[in-house]
Amino acid sequence: MENLLTTPSAAQKRISDMTVAEFLTPPFQPVEILRVLGPYGRMLHLEPNISMAPDPEFLVRLVSDHASHQAYIRHEAGSDYKNLENLIRGKNNPSRTTKQVLAGRLGFPMDYLEKLAGSALDGPLIPDILAAFQILEGLPMRVTSGVLAREVPCHRCGKNLLVKRKVNLSH
């Protein structure tokens, strides 16, 4: 059970006023759960009776075999994971050879890998990967919100067909 807070519709902000990132990765709306959730629910990192947005990491778990984006990165980087983590956390600057190995394992261009150096002292290791998973949720939500924000008048009564109401089939 959850209590959804009343928030402005995502469709109310004009697309022309959004950046591409805002359009593709809209923030999750805060929710308040009423009881402790089961194992998969715990991935949302929600606590009963506290209004907060779900953790986007749950999307990684839903669409991959990994518990988090960091576990996904750890799997892809293999034995060089610690070198990557130290590079991103700014703890160490690995050799050019190590960076080339990491770039090859992860499929990243070398300049992107070098931009990651010291970029996340704390928090998500590579936020861009987390954002890619958020697109899987955000883009369909934007499309659905845009479609449902339209009015589709009934040819008989003129009321919007997309608004939930009791249907009178006798007219």
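In these legends, buried denotes under 20% relative accessible area, exposed over 50%, and partly exposed the range in between. The structure shown is a predicted model.

**Figure 1. Confidence of the predicted model.** The mean pLDDT of the protein is 83, and 88% of the residues score at least 70. Among the elements, helix α5 (residues 81-89) has the highest mean pLDDT, 94, and strand β1 (residues 2-4) the lowest, 42. Over residues 1-11 the pLDDT stays under 50. For this segment the model has 20 contacts beyond four places in sequence. Where pLDDT is low, predicted coordinates should not be read in detail.

**Figure 2. The aromatic pair of Phe-28 and Phe-58.** The structure holds 3 aromatic pairs, and the pair of Phe-28 and Phe-58 is shown here. The ring centres of Phe-28 and Phe-58 are 5.7 Å apart and their planes stand at 50 degrees. This pair is tilted because its angle is neither under 30 degrees, as for stacked rings, nor over 60, as for edge-to-face rings. Phe-28 belongs to the loop between α1 (20-24) and β2 (31-33), whereas Phe-58 belongs to helix α3 (residues 57-63). The pair thereby links distant parts of the chain, 30 residues apart. Phe-28 counts as buried at 18% relative accessibility; Phe-58 is also buried, at 14%.

**Figure 3. The aromatic pair of Tyr-72 and Phe-133.** The rings of Tyr-72 and Phe-133 lie 6.2 Å apart, centre to centre, with 85 degrees between their planes, and the pair is edge-to-face. Because Tyr-72 is in helix α4 (residues 69-77) and Phe-133 in helix α8 (residues 127-148), the pair ties together parts that are 61 residues apart in sequence. Tyr-72 is partly exposed, with a relative accessible area of 28%, while Phe-133 is buried, at 12%.

**Figure 4. Arg-74 over the ring of Tyr-81.** Arg-74 lies over the face of Tyr-81. The distance of Arg-74 from the ring centre is 4.5 Å.

**Figure 5. The salt bridge between Asp-80 and Arg-105.** The structure holds 3 salt bridges. In the one formed by Asp-80 and Arg-105, the closest N and O atoms are 3.5 Å apart. The partners come from distant parts of the chain, 25 residues apart: Asp-80 is in the loop between α4 and α5, and Arg-105 in helix α6 (residues 96-106). Asp-80 is buried, with 15% relative accessibility, whereas Arg-105 is partly exposed, with 36%.

**Figure 6. The salt bridge between Glu-85 and Lys-82.** In this salt bridge the closest N and O atoms of Glu-85 and Lys-82 are 2.6 Å apart. Because Glu-85 and Lys-82 are 3 residues apart in helix α5, about one helical turn separates them. Glu-85 counts as buried, since its relative accessibility is 12%. Lys-82 counts as partly exposed, since its relative accessibility is 47%.

**Figure 7. The salt bridge between Glu-114 and Arg-96.** The side chains of Glu-114 and Arg-96 meet in a salt bridge with an N to O distance of 2.5 Å. The pair links distant parts of the chain, with Glu-114 in helix α7 (residues 110-115) and Arg-96 in helix α6, 18 residues apart. Glu-114 is partly exposed at a relative accessible area of 36%, and Arg-96 is partly exposed at 48%.

Conventions: Residues are numbered from 1 along each chain as its sequence is written. This is a predicted model: local features need pLDDT of at least 70, side-chain atom pairs count only at pLDDT 80 or more; totals for chains, interfaces and linings use all residues. Side-chain values use heavy atoms; hydrogens and water are left out. Rings of Phe, Tyr and Trp (its six-membered ring) pair if their centres lie within 6.5 Å; planes under 30 degrees apart count as stacked, over 60 as edge-to-face and the rest as tilted. Helices (H or I, at least four residues) and strands (E, at least two) are DSSP runs, numbered from the N terminus. Buried means under 20% relative accessible area, exposed over 50%, partly exposed in between (1.4 Å probe, protein chains only). A charge sits over a ring if NZ of Lys or CZ of Arg is within 6 Å of the ring centre and within 35 degrees of the ring normal. pLDDT is the predictor's confidence in each residue, from 0 to 100. Contact means heavy atoms within 4.5 Å. A salt bridge is a side-chain nitrogen of Lys or Arg within 4 Å of a carboxyl oxygen of Asp or Glu.
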